[in-house]
Amino acid sequence: MKRTAVAVSAVVLLLPLSACGGDAEAGDGSTVTVTVGYQSKTINTVTAGTLLRSLGYFEKQLTSLGDGRTYKVVWQDYATGAPITAQMTAGKIDIGSMGDFPLLINAARGKQLNRPTHLVSVTGYNLRGGLNTIVTAPGSGLTSLKDLKGKKVSTSVGSAADGTLVRALQRAGIDPNDGIEKLNQQPAVGASALAAGSADALSQFVAWPGLLTYQGKAKALYDGAQLNLPTFHGVAAREDFAKDRPAVLEAFLKAQAQATDYLNTHPVAAAERVARATGLPAEVVYLYNGAHGISTFDPAVKPQLVSALKQDVSVLKAAKLTGDVDVDAFVDDQYVKKALGASYGKQLAATPPAAASEVWPKAAQETRTFKSPAELLTYVAVHPDGIRAAYVPDANTGTLWFADKAVWVTDGEKLLPFVAPATAQAYVDRHDGARVITYADALERAS
């Protein structure tokens, strides 16, 4: 009797690479090993990584192929997209998820090494760029981007967070090469450098800024959504793998769609699952992946995201990380179109949910949504010991942030939250009578 059960491996960073990606004879049938590279703590990729793995949807989809093969899924976890690209171009990883800038490097390296890859779906995105944030130490006197001139700033060169830093500095009139001392560091190293005082600021991607802010180890200096340029993470697949195993890739994308539906339908449960798998606080996961979180999850390859990818090429070229990248040749949505079927057009046209204020009560399995930040504050003031987390959207960008970490402005009867101090001050400067107040004052005014 042919075996069709799916064997699921543990994270296999130490597994011999020869075991990844390919077929091996197994008794009277064939075993197909599929290797997936993901970033467990880059929670904008969970529908193709952490959440998907925990739900087992990919393995179930492979079982349903019923082709007489035994499928073994090997999940490899990395901190950034660079090692995933290295393994993909070596033929050792079949499918990998990463951010928009690493995806371009993936495309460039694949072409350079004659191991072409393609963007086959999207995980999470933010149409304004809110997935990346620049933060400083809690006691820092820095209040705006212009204060970064001559300072040490940690980021991961070649990442989307570095792209945000470069563009933000340029808009502030600071040369991103000579105007600051850039420290090229992994996110965890940069977080340590910020805590030790060896870095004045940190520009990083989801979920590091939210995590450090939640822990009281950082405060926001710049909301990436101020750039109003889309940022996203997506799924890349090796071209040879896609051609040799189209049914397997389609199974992965169907499973990703199922994981996306689960996240959108059960956002609190999904946040708890990801938190258990990663060790991240569920409150931080929900900030990004919740019902009104910073990330919107949808596998469809939207034209706005492809257009943004094309604009990103110039940043990487200026940093001498890539040459020209043929984005149109890199994007290949035929597999996700087939996987999603008739729903693809609808998802392609879908827009992110409207910004909203949310409270996560203690011991609750769902959040409460409020029409305004002021209404949220009123609720929090009445339930001071019953709140697990409270979230409010930035008054300008809509970027969700922790209510107690936001910069609050009072303007007449209005109570307005901002992610960064500079945008709050800009509002105050434009509105007579408006002023910045503390969170405690905002609660008192709302009660």
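**Cavities, pockets and salt bridges in a predicted model**

Good morning. The structure holds two cavities of 30 Å³ or more. I should say at once that this is a predicted model, and I shall take its internal spaces before turning to its charged pairs and to two individual residues.

The largest cavity has a volume of about 60 Å³. Its lining is made up of 13 residues, and those nearest the centre are T164, R167, L227, L229 and T231. Two elements, α4 and α5 (160–171), give two or more residues to that lining. Of these, α5 makes the greatest contribution, with four residues. In chemical character, the lining of the largest cavity comprises five nonpolar, five polar and three charged residues.

How is such a space found? Rolling a probe the size of a water molecule over the atoms shows where empty space is left.

I turn now to the pockets. The largest pocket encloses about 400 Å³ of space. There are 24 residues in its lining, with T80, A82, V157, G158 and S159 lying nearest the centre. Three elements each supply at least two of the lining residues: α3 (82–89), β5 (95–99) and α4 (100–112). The most generous contributor to the largest pocket is α3, which gives four residues. As for composition, the lining of this pocket has nine nonpolar residues, 14 polar residues and one charged residue.

Helix α4 deserves a remark, for the helix appears twice in this account. It supplies at least two residues to the lining of the largest pocket, and two or more to the lining of the largest cavity.

The second largest pocket holds about 320 Å³ of space. Here the lining numbers 19 residues, and T260, N264, T296, F297 and D298 are the ones nearest the centre. Helix α9 (246–265) and strand β13 (296–297) each supply at least two residues to this lining. The larger share comes from α9, which gives the most, with five residues. By type, the lining of the second largest pocket consists of nine nonpolar, eight polar and two charged residues.

One of the residues nearest the centre of that pocket, D298, brings me to the salt bridges. D298 pairs with K302, and their closest N and O atoms are 3.3 Å apart. Both D298 and K302 are buried.

In the structure as a whole, a search finds 15 salt bridges. I shall describe two further examples. In the first, D94 pairs with R238, with the closest N and O atoms 2.7 Å apart. This bridge links distant parts of the chain: D94 sits in the loop between α3 and β5, whereas R238 belongs to strand β12 (residues 231–238), 144 residues away. Are these two residues buried or exposed? D94 and R238 are both buried. The pair also takes part in a network of salt bridges that links D94, R115, R238 and D240.

The second example is local. E250 forms a salt bridge with K254, and the closest N and O atoms are 3.5 Å apart. Both residues lie in helix α9, four residues apart, or about one turn of the helix. E250 counts as buried because its relative accessible area is 15%, under the 20% limit. K254, at 32% relative accessibility, counts as partly exposed.

K254 leads us to another residue, Q61, which is found in helix α2 (residues 57–63). What does Q61 touch, leaving aside residues up to four places away in sequence? The contacts of Q61 are A251, K254, A255 and Q258. Q61 has a relative accessibility of 16% and therefore counts as buried.

Lastly, I should like to consider L212, in helix α7 (residues 208–214). With a relative accessibility of 5%, L212 counts as buried. Its contacts, again not counting residues up to four places away in sequence, are A191, L202, K217 and A218. As a point of reference across the model, L212 and D429 are 217 residues apart along the chain, and 29 Å separates their C-alpha atoms.

To close, may I draw attention once more to helix α9. The helix gives the most residues to the lining of the second largest pocket, and also contains both partners of the bridge between E250 and K254. Thank you.

Technical notes
Residues numbered from 1 in each chain as written. Predicted model: local features only at pLDDT ≥ 70, side-chain atom pairs only at ≥ 80, totals over all residues. Heavy atoms only, no water. 1 Å grid on protein atoms, 1.4 Å probe; cavity = no way out; pocket = protein on both sides within 12 Å on 5 of 7 lines; lining within 4 Å. Points joined across faces, edges and corners; volume = space filled by probe spheres on them. Nonpolar A, V, L, I, M, F, W, Y, C, P; charged D, E, K, R; others polar. Buried < 20%, exposed > 50% of the residue type's maximum accessible area, 1.4 Å probe, protein only. Contact = heavy atoms within 4.5 Å. Salt bridge = Lys/Arg side-chain N within 4 Å of Asp/Glu carboxyl O.
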